[in-house]
Structure formats: structure tokens, C-alpha cells
Amino acid sequence: MFKKNEEFRITGFGPDKFNSSHDYILGSIIAGLELLEYKPSTKGDAKIQEGDNRIFLVHGRDESTKNQAEIFLRELGLEPIVLHRQADEGQTIIEKFEKYSDVGYAIILLTPDDIGFLAENKGKSDEEKNLEYRARQNVIFEFGYFVAKLGRNRVCCLYKEGVTLPNDVSGYIYKKINNSVEEAAFSILKDLKAAGFQVAY
């Protein structure tokens, strides 16, 4: 690469010398531009912007747990982003989700909203089907989205007893709740503080 203050001299004549010099200088300029454009990934280590207190709340059909989580976050001085409460502005669901997912943290609520079983067990009795209580499909999708976008250290996952947990996020620590989000309050607070959020407690 052509460095600052480095002298470059062309000796000799002819198109070969010109082309060689041209390629050398142009290649150095292109390499320099690529270095200027390169931005190292900061996923998972970026500091929370001052004043940014938005937490995306991913939920299923358990209204009670969703409302508890919203109240809990507001009591901490944070702003819960619940997708269906945001303006549609003529957007598709995925466009709306992408717009409002520009946050520094996400809380996922895995609640037993659906019942499922393997297709191969379709003709069997309920006892033989190994029925599972599962979170809604959109919740699992958004869970994976935020883990990829923010990093695992910026995603807190609460689950209610009985729900089947995703088995492809090995080593992930889920926080169990039975009746109230407050049961995991201390653990959530520690995670939020570690992520750089200024909380009221």
C-alpha cells in the first residue's frame, strides 16, 4: 500500500511502466478507501446512548404477564416498546417491527400460548403425542432476531413453567417466573445495569 510521504518514482518509458504505476497507485487509493469505510462490529459491546431508555418487549397472548412487564419497566424509568401499541403508519408488520426494534435491549416473554406435537404422532392419542406447551411462533422469531442483532447479553428471556424452551440456544440462561415478573426483578435489574442502563433502583 502507498504510505503517507512515501516517494514513488517511475523509471523508464512506455505503456507497461505507466500501467504498472497506475495500478499500484490506484490500488493503494482503493485500499485506503476501504479502510475508511470499515466499521468493526460492535454488537453486544456498544454503550447505551445517553437518554436512550427503550426496551423492546416481545410477548405472546399472556396479557397479564405482558402488562406486568410493562409496569415493571416503567417503574424503573424505562420505556417499554410494545409493537401493537405503536403507530402503524401504513407499514407492513415486518416493516413496523424493523422500525421499532432499534433499541439497546429486549425482554422476551415465553408463555405457554400454543400446544403442539410432532407430525409423526398425528394419529396417536393425546397421551402418546407428547403434547408440548409452546410460545407463539412470532415470539420465537423475534427472540432469535434480537439475539442476532443485539447479542445474548442484551436479551433477557423470562419463561413461565410448563412452556417448552428453544433447544438451539445452548447455554442460554432463562429466568423462570410463576405468577409475576417481579419474581425475576433482581436478576433483570443486574442484567440491565450490566448492559449500561441507568435504572431507578
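This is a short chat about a predicted model, covering its sheet, a helix pair and one loop residue.

Trainee: Let's start with the sheet. How many strands form it, and in what order?
Mentor: There are 5 strands. The order is β2-β1-β3-β6-β7, and the sheet is open.

Trainee: Parallel or antiparallel pairing?
Mentor: Parallel. In general, strands of a sheet pair through backbone hydrogen bonds.

Trainee: Which strands are at the edges?
Mentor: β2, residues 79–81, and β7, residues 175–177. Each of these pairs on one side only.

Trainee: And how much are neighbouring strands turned against each other?
Mentor: By 30 degrees on average, ignoring direction.

Trainee: Zoom in on β1. What joins it to β3?
Mentor: 3 bridges. β1 covers residues 54–58 and β3 covers residues 106–110. Look at F56 in the viewer: A106 in β3 stands opposite.

Trainee: How many bridges join β1 to β2?
Mentor: 3 bridges, and those two strands run parallel. R54 has E79 as its bridge partner in β2.

Trainee: Why is β1 described as largely enclosed?
Mentor: Because 4 of its 5 residues are buried. Buried here means under 20% relative accessible area.

Trainee: Which helix lies across β1?
Mentor: Helix α6, residues 185–194. Helix α6 also lies across β3, β6 and β7. Against β7, the helix runs at about 145 degrees.

Trainee: New topic: α3 and α5. How do their axes cross?
Mentor: At roughly 40 degrees, coming within 13 Å. Helix α3 spans residues 93–100, and helix α5 spans residues 137–150. The two are therefore oblique to each other.

Trainee: Left-handed or right-handed crossing?
Mentor: Right-handed.

Trainee: Which residues make the contact?
Mentor: From α3, I94, F97 and E98. From α5, F141, E142, Y145 and F146.

Trainee: What's the breakdown by class?
Mentor: The contact of α3 with α5 has 5 nonpolar residues and 2 charged ones. No polar residues take part.

Trainee: Last one, T111. Where does it lie?
Mentor: In the loop between β3 and β4, with β4 at 114–116.

Trainee: Buried or exposed?
Mentor: Buried. The relative accessible area of T111 is 3%, and the cut-off for buried is under 20%, so T111 qualifies.

Trainee: What is T111 in contact with?
Mentor: Leave aside neighbours within four places in sequence. Then T111 is in contact with G60, R61, D62, T65, R134, A135, K160 and V163.

Definitions and conventions
Residues are numbered from 1 along each chain as its sequence is written. This is a predicted model: local features need pLDDT of at least 70, side-chain atom pairs count only at pLDDT 80 or more; totals for chains, interfaces and linings use all residues. Side-chain values use heavy atoms; hydrogens and water are left out. Two strands pair if DSSP finds at least two bridges between them. Axes are lines fitted to C-alpha atoms, for helices over the stretch in contact, and angles run from 0 to 180 degrees between N-to-C directions. Contact means heavy atoms within 4.5 Å. Angles under 35 degrees count as roughly parallel, over 145 as roughly antiparallel, 65 to 115 as roughly perpendicular and the rest as oblique. A crossing is left-handed if the near helix is turned anticlockwise from the far one by less than a right angle, and right-handed if clockwise. Ala, Val, Leu, Ile, Met, Phe, Trp, Tyr, Cys and Pro count as nonpolar, Asp, Glu, Lys and Arg as charged, and the others, Gly among them, as polar. Buried means under 20% relative accessible area, exposed over 50%, partly exposed in between (1.4 Å probe, protein chains only).
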